[in-house]
Amino acid sequence: MNNPNLKSFEEDAIHFATKAVEYDQQNQIQLAAFYYIEAAEALLRAAELGSTIESLKHKAEQYIARAETLKRTGETYWISFCMRRERERERNISIAFAVGTSRLLHRLSSWLAGLGFVLEWVGTRERLKLVPWIVP
């Protein structure tokens, strides 16, 4: 251990790996992925500087693989979340339209009744027909 930075990189790797596992267990995907990458980079720097710790490169590869898995999981979750929000928004618009249409038709029917007409549904309820209900 000739290089004074070597010990620092080894300590950083341990610290970052510990944080990564903590965040991973708490299901905080982005933070966990970030710390796995930081740990991997610290391990690789320590290996470059001549660390005697075994399997540094292999451990770094494991951390990188875990970070990539978490990122894919996060992206999948985000896409799913956005799709759910869009479906919910469309459903809310449909409900609002139905309620608004119902209120409008009720007001229109009341107004037309005062004029001696009634609205009748034609066929599949997609069209309305204006019918006089007071015969002159």
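## A tour from the surface to the largest pocket

Begin with the whole chain shown as a surface: its accessible area comes to about 10,500 Å², and 57% of that belongs to carbon and sulfur atoms. Keep in mind throughout that this is a predicted model.

Now switch to a cartoon view and follow the chain from its start, where three helices and two strands can be picked out, arranged along the sequence in the pattern α-α-α-β-β. If you colour the 136 residues by burial, 21% of them count as buried. Turning to contacts between residues at least 6 apart in sequence, 39% join residues that are at least 24 apart.

Next, select helix α1, which covers residues 4-25, and find Ser8 within it. Ser8 has a relative accessible area of 33%, so it falls between the buried and exposed classes and is described as partly exposed. Add Ala42 to the selection and draw a line from C-alpha to C-alpha: Ser8 and Ala42 are 34 residues apart in sequence, and the line spans 8.9 Å in space.

For the last stop, select Asn27, Gln28, Ile29, Gln30, Ala33, Lys71, Gly74, Glu75, Tyr77 and Trp78, which together line the largest pocket. Two elements, α2 (29-48) and α3 (56-114), each give two or more residues to this lining, and the largest share, five residues, comes from α3. The pocket itself has a volume of about 240 Å³. Colouring the lining by residue class then separates four nonpolar, four polar and two charged residues.

Terms used
Residues numbered from 1 in each chain as written. Predicted model: local features only at pLDDT ≥ 70, side-chain atom pairs only at ≥ 80, totals over all residues. Heavy atoms only, no water. Helix = DSSP H or I, 4+ residues; strand = E, 2+ residues; numbered from the N terminus. Buried < 20%, exposed > 50% of the residue type's maximum accessible area, 1.4 Å probe, protein only. Contact = heavy atoms within 4.5 Å. Areas by Shrake-Rupley, 256 points an atom, 1.4 Å probe, with all protein chains shown as cover. 1 Å grid on protein atoms, 1.4 Å probe; cavity = no way out; pocket = protein on both sides within 12 Å on 5 of 7 lines; lining within 4 Å. Points joined across faces, edges and corners; volume = space filled by probe spheres on them. Nonpolar A, V, L, I, M, F, W, Y, C, P; charged D, E, K, R; others polar.
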